[in-house]
Amino acid sequence: MAVITFSINGEPVSGRQDESILEIARQHNIRIPTLCHLDGLSDVGACRLCLVEVEGTAKLFPACSTFPSENMVVRTDTDRLRRYRRTIVELLASEGNHQCAVCVVNNHCELQNLAYQVGLEHVRVQYLFPRKDLDASHRDYIIDRNRCVLCTRCVRVCHEVEGAHVWDIANRGINCEIIADMHQPWGTSDSCTSCGKCVLVCPVGALIEKGATVAEMEKHRAFLPYIMTARTKHEWIARAIEED
Amino acid sequence: MDKTNDTRTIVIDPVTRIEGHAKITIRLDENGRVADARFHVNEFRGFEKFCEGRLVWEMPGLTSRICGICPASHLIASAKAGDDILAIQIPETAELLRRVLMLGQWIQSHALSFFHLSAPDFLLGFDADPATRNLFGLLANNKEFLRKGIRLRKFGQEIIAILGGRRIHTPWAVAGGVRDPMSNEEHAAIAAWLPEAKATVLEAIDVMKSVNDRYRKEIPNFGNFRSLYVGLVAEDGSFEYYGGGIRVMDGMGNTLADRVPPREYARLFEEKSEEWTYLKVPYYKSFGPAEGMYRVGPLARLNICDRMGTPLAEAERRTFRQLAGEQETVNNAFFYHYARTIEMLFAVEEVERLLGHPLIRGLHVRARAMINSMSGVGACEAPRGTLFHHYEVDENGVLQKVNLLIATAQNNSAMNRTVRQLAARYLDGKEVTEGLLNRIEAGIRCYDPCLSCSTHAAGSMALHVVLESADGTILDERKR
Ligand code: SF4
Ligand code: SF4
Ligand code: FES
């Protein structure tokens, strides 16, 4: 695979052609905020937090799903980008019902971390206080749509990793919501294997364990790259042969 | 002219040195005599509705935010309602730890009421200059005593902080038990306070008794009437604060209901809504709204129990009982204060007893279960009186209905009556004297009502008095 050289924030960097700007930036210790991206899952460019500037065009590009070309000049930390990122987090906060103080993932929440990261002090737009459902019909888990940021990580992990494809998005625009199977109570889903992967990858307190109380849930996501590496490199086969 | 048009209304607003914000109206009849008094509460609206649709597991965390003064009480009542819905027997260690937490809440709350809020009246007198009749005036003369009081309150706060992980609105108690056991260091840290705390409480009791003597003449006007008394008692009839069943006693010492499981509270009490307050006012069902007025809190608890489980407090309770004189119960609201100091003593002794329990440092503190009952009630004795949390859930644990019965609501009728009694005695013509205001405030403070999530600065003396005619014209107005 061809190696390309380009620059990020004035610093010359290089990476493989099939690596996203985000991956290459990370290899060079350049931090770009992300939300919908999760190592081990495909990228969909849904949240737009990772937007970067590319010289020669006014368009902004999501670093997680943009691939660099030779001699590209990329900027990740301009005033404009900082302003946009802050606004995105404000919009996310205002379009759900986020009462952090009584939330199950308080202090372990990616949305909260992003708010700190982008220096959010207050929300300038009006809160929508939408009426959203909470579905507690599953034996072990709950989806509280009041806190969903529509990152679709749950959709992807269920489809790409577990292979069950329980989750999908219904409706459009502001009415988008995550639904189970044919838009039915999660507990009645035939395809859900109750593996719990969606709960672990959810960045916020939307997918949670039943019985968890305020600020109690911490999500461990390291399992994902682990599984994916094992799967793509067939490591378990190698080990099985060795053990024979 | 019709009678109602001829009444004048005096409004005292806000009542200072009460947690939160409240308003008092005194209604006069056409002869300028006190016809009625009302203590308005404008808090708590909507909280129950707000919780509907949420999950039963979140409730301890949610409801402990109702009140910044006694969050631990809501936490425990809520966790117990959750236990009831999970139909779970919580581990013994968890119960011991929840008890310690509650006592911490009692100590901090009672110490606040006694040392910070009521001591200025006790030690400086009701007619003292309002400019100095507050915490600062008190500090000038009783520095050492007050310092001890602040430390005592700190002890209570420390217990809550140590167990709850240093948060005010601690979600540490959960349906099924508590989140973390008690470590050796935490045990030692709490135990280290005990000797000092006990000494302070004993001193407070001495001061209290001398106050009782000093105000012998005034006390009969402080909410002195027969009422029903309600609280929890243990299986053997002794003083209880965490478990047990409901006892209802009348003002002559007759037990009307005994050891009724909290689950059946609705069989005993009914709540009526009034247009002048956001609180629903409960009463003892079989007696009807007027006769069914009852009091909860320290005075009630000391009246209804057969004995107290710790030696020093029990000895003091016997002295307290003598105040009843001919009657079987102590019916004077002023003695809430005395009862409160006795409860502080009990709390300190009881913490000591619990710390000595072989299971207090057990590691099994949480049981887990799913929804096994669609309805649950949790009751406990908050510092100000019996607290009930009643939840109805669907089969997934989503709340369909929430009802909270709080102490201040239960005491509301009695507080009105207390204000009426004081006003009848001290109101002179159309003038609201400083002395009257002070006494009304002091009368309300007997009940130590909790009114919101915010603590007013101790000793702030903003008072607003409005004298109104029935058509709303302000006849007289006074601010301080
Ligand atoms: S999901 Fe995160 S941002 Fe939303 S309420 Fe919970 S802690 Fe707050
Ligand atoms: S439920 Fe969680 S993982 Fe799924 S879209 Fe919403 S926020 Fe993302
Ligand atoms: S992380 Fe790139 S768009 Fe969400």
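**View 1. Helices H6(B) and H11(B) pack at an angle of about 160 degrees.** In this predicted model, H6(B) covers residues 184-214 of chain B, and H11(B) covers residues 335-355 of chain B. Their axes lie 9 Å apart. Angles over 145 degrees count as roughly antiparallel, so H6(B) is roughly antiparallel to H11(B). H6(B) passes H11(B) in a left-handed crossing. The contact of H6(B) with H11(B) includes 17 nonpolar residues. Four polar and four charged residues complete this contact.

**View 2. Helices H3(B) and H4(B) cross at roughly 150 degrees.** H3(B) spans residues 71-86 of chain B, and H4(B) spans residues 92-124 of chain B. Their axes come within 8 Å. H3(B) and H4(B) are therefore roughly antiparallel to each other. The crossing of H3(B) past H4(B) is left-handed.

**View 3. Residues of H3(B) meet residues of H4(B).** H3(B) brings Pro71(B), Ala72(B), Ser73(B), Leu75(B), Ile76(B), Ala79(B), Lys80(B) and Asp83(B) to the contact. H4(B) brings Arg98(B), Leu101(B), Met102(B) and Gln105(B). By class, seven residues of this contact are nonpolar, two are polar and three are charged.

**View 4. Residues of chain A surround ligand 1.** Among them are the cysteines Cys100(A), Cys103(A) and Cys109(A). Val105(A), Leu111(A) and Val204(A) also belong to the surroundings of ligand 1. So do His98(A), Gln99(A), Asn106(A), Gln112(A), Arg147(A) and Gly205(A). The shell around ligand 1 divides into six nonpolar, five polar and one charged residue.

Terms used
Residues numbered from 1 in each chain as written. Chains lettered and ligands numbered in written order. Predicted model: local features only at pLDDT ≥ 70, side-chain atom pairs only at ≥ 80, totals over all residues. Heavy atoms only, no water. Near = heavy atom within 4 Å. Nonpolar A, V, L, I, M, F, W, Y, C, P; charged D, E, K, R; others polar. Axes fitted to C-alpha atoms, helices over the stretch in contact; angles between N-to-C directions. Helix = DSSP H or I, 4+ residues; strand = E, 2+ residues; numbered from the N terminus. Parallel < 35°, antiparallel > 145°, perpendicular 65-115°, else oblique. Left-handed = near helix turned anticlockwise from the far one by under 90°. Contact = heavy atoms within 4.5 Å.
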